[in-house]
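Welcome, and please open the model in your viewer. We will go from stop to stop, selecting a few residues each time and looking at what surrounds them.

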Amino acid sequence: MKKKLFGKEREEALSYFCERFGLSKDIFSELGLFQTERKIYVLTNAGLHDHLFPSSETAGLAFLRPNGVFKPTTDFLQLVGKLARKNFVELSREDAERYIHGEDLDLSKKEVALDPGYVIVKYKGYVLGCANFKEGNMKNQLPKSRRMRLKLD
């Protein structure tokens, strides 16, 4: 069952995402949020208030997974991650290849300004996905279906 998010619930999800990645809440000004059992989705306000919304099977784009803590989705990060001003890491070619192969990365010997928690992973400015950063280690969160066996140029 879908539940539209307003007020405190909406604010909590947006605050986490925007504060975590240094984004303006303005990017959500024309967007609505709703929650299912396992995910929070984003879609246009018009779509959220459309008379077909309650009976639709799916709508919008998965945004966050609330499971004790909010986990951003790869799809949404790839859409807005280029706007992030903090908690993102730009990988070297070698590390990017390891990341897209599904490997965890040890960044303890590199200078990175990341807060513990979920971070945006980039290569040459392109958002690859998400990782969970803790004590210099970056645990890969790239879905298995998105992992690749290729070499980057």
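Which residue of β4 is the bridge partner of I40? Select I40 and look across to the neighbouring strand: the partner is L64. Keep in mind throughout that this is a predicted model.

**Stop 1: around I40 and L64**

Now select residues 40-44 and 61-67, which are strands β3 and β4. These two strands run antiparallel and are joined by three bridges. You have already seen one pairing; for another, pick V42, whose bridge partner in β4 is L61.

Stay on β4 and turn to its pairing with β5, which is antiparallel and is made over four bridges. L64 appears again here, standing opposite P72 in β5. Between β4 and β5 there is one residue, and the two strands form a hairpin. Click on G68 in that turn: its phi is positive, at about 85°.

**Stop 2: the whole antiparallel sheet**

Zoom out to show all five strands of this open sheet, which follow the order β1-β2-β3-β4-β5 with antiparallel pairing. At the edges you will find β1 (3-5) and β5 (69-72), and each of them pairs on one side only. Rotate the view to see how the strands are turned: neighbours differ by 35° on average, direction ignored.

**Stop 3: the nonpolar cores**

Next, show side chains for F17, F28, L33, I40 and F63. These have the most contacts inside the largest nonpolar core, which has 22 residues. Colour α1 (7-21), β3, β4, α3 (74-80), β8 and β9, the elements that each give two or more residues to this core. The largest share, five residues, comes from α1.

What is F17 in contact with, leaving aside its neighbours within four places in sequence? Its contacts are L23, F28, F63, L64, P72, F76, L77 and V80. Another core, of 16 residues, lies apart from the largest one; select A96, L107, L114 and M138, which are among its members.

**Stop 4: the mixed sheet**

Display the other five-stranded open sheet, ordered β6-β8-β9-β10-β7, where the pairing is mixed. Its edges are β6 (88-90) and β7 (105-106); each has a single partner strand, so one side of each has no neighbour in the sheet. Now add helix α4 (residues 93-100), which packs on this sheet and touches β7, β8, β9 (126-134) and β10 (137-140). Compare directions, and you will find that α4 makes about 80° with β9.

For a parallel pair, select β6 together with β8 (residues 117-123): three bridges link them. One pairing to click on is E90 with its bridge partner K122 in β8.

**Stop 5: two residues to compare**

Is T74 buried or exposed? T74 is in helix α3, and its relative accessibility is 5%, so it counts as buried. Leaving aside neighbours within four places in sequence, T74 is in contact with L128, G129, Q141, L142, P143 and R146.

Finally, go to S56, in the loop between α2 (45-49) and β4. S56 counts as partly exposed because its relative accessibility is 24%. Select K2 as well and check the distance between the two C-alpha atoms: 9.6 Å, although S56 and K2 are 54 residues apart along the chain.

Terms used
Residues numbered from 1 in each chain as written. Predicted model: local features only at pLDDT ≥ 70, side-chain atom pairs only at ≥ 80, totals over all residues. Heavy atoms only, no water. Pairing = 2+ DSSP bridges. Contact = heavy atoms within 4.5 Å. Axes fitted to C-alpha atoms, helices over the stretch in contact; angles between N-to-C directions. Core = buried A, V, L, I, M, F, W, Y, C linked by side-chain atoms within 4.5 Å. Buried < 20%, exposed > 50% of the residue type's maximum accessible area, 1.4 Å probe, protein only.
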